[in-house]
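The following paragraphs offer a guided reading of a protein model. Please keep the sequence and the structure in view while reading.

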Amino acid sequence: RHSHTVSAAGGWLASGGLSGTNGMRMFGLGIDQVLHIEMVLPSGKHVRFGPTEWEKQPGKMYAVTTKVTGYCNEGDLSDEDLWDWQ
């Protein structure tokens, strides 16, 4: 059974490219930029990190992230509507 809300944090991010040995080619998955990361730490704390500032640079196709901010979820984890990111 696969979760439809969880994706691979692999590809270029962790394994140095579209590897033929970790299943990425088999499933047609390629990741070349991370826009947002959400995870549960071993302590059980639910956290999220993402860019909060970026700037366009000449010669670059995409804006370059200049600041990343992290948030902790202080809400009821059993109901996504009650999540409270601080």
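Where does leucine 41 lie? Leucine 41 is found in the loop between E1 and E2. The model that shows this placement is a predicted one, and the two strands that flank the loop are a suitable point from which to begin.

E1 and E2 form a hairpin, with five residues between them. In the turn, glycine 44 has a positive phi of about 95°. Strand E2 comprises residues 46-55, and its pairing with E1 is antiparallel, over four bridges. Individual positions in this pairing can be traced across the two strands. Isoleucine 37 stands opposite phenylalanine 49 in E2, glutamate 38 has arginine 48 in E2 as its bridge partner, and methionine 39 stands opposite valine 47 in E2. As a general point, side chains in a regular strand alternate between the two faces of the sheet.

The hairpin belongs to a wider arrangement. Together with E3, the two strands make up an open sheet of three strands in the order E1-E2-E3, and the pairing is antiparallel. The edge strands are E1, residues 37-40, and E3, residues 64-72, each of which pairs on one side only. On average, and with direction ignored, neighbouring strands of this sheet are turned by 20° against each other. E2 and E3 run antiparallel and are joined by eight bridges. One of the residue pairs between these strands is glutamate 55 with its bridge partner in E3, valine 64.

Attention may now turn to the surface. A nonpolar patch is formed there by Ile37, Met39, Leu41, Phe49 and Val68, with about 390 Å² of accessible area together. The patch thus includes Ile37 and Phe49, which stand opposite each other in the pairing of E1 with E2. Leucine 41, the loop residue with which this account began, has a relative accessible area of 33% and is therefore classed as partly exposed.

The same loop also supplies a charged contact. The count of salt bridges comes to one: lysine 45 pairs with glutamate 74, and the closest N and O atoms are 3.1 Å apart. This pair links distant parts of the chain, since lysine 45 is in the loop between E1 and E2 whereas glutamate 74 is in the segment after E3, 29 residues apart. Is each partner buried or exposed? Lysine 45 is partly exposed, at a relative accessible area of 30%, and glutamate 74 is also partly exposed, at 43%.

One further contact involves aromatic side chains. Such a pair of rings is described by the distance of the centres and the angle of the planes. The structure holds one aromatic pair. The rings of tryptophan 83 and tryptophan 85 have centres 6.0 Å apart and planes at 90°, so the pair is edge-to-face. Of these residues, tryptophan 83 counts as partly exposed, because its relative accessibility is 24%.

Conventions: Residues numbered from 1 in each chain as written. Predicted model: local features only at pLDDT ≥ 70, side-chain atom pairs only at ≥ 80, totals over all residues. Heavy atoms only, no water. Pairing = 2+ DSSP bridges. Axes fitted to C-alpha atoms, helices over the stretch in contact; angles between N-to-C directions. Salt bridge = Lys/Arg side-chain N within 4 Å of Asp/Glu carboxyl O. Buried < 20%, exposed > 50% of the residue type's maximum accessible area, 1.4 Å probe, protein only. Patch = residues over 30% accessible without salt bridge, like charges linked within 9 Å, V, L, I, M, F, W, Y side chains within 5 Å. Areas by Shrake-Rupley, 256 points an atom, 1.4 Å probe, with all protein chains shown as cover. Phe/Tyr/Trp six-rings, centres within 6.5 Å; stacked < 30°, edge-to-face > 60°.
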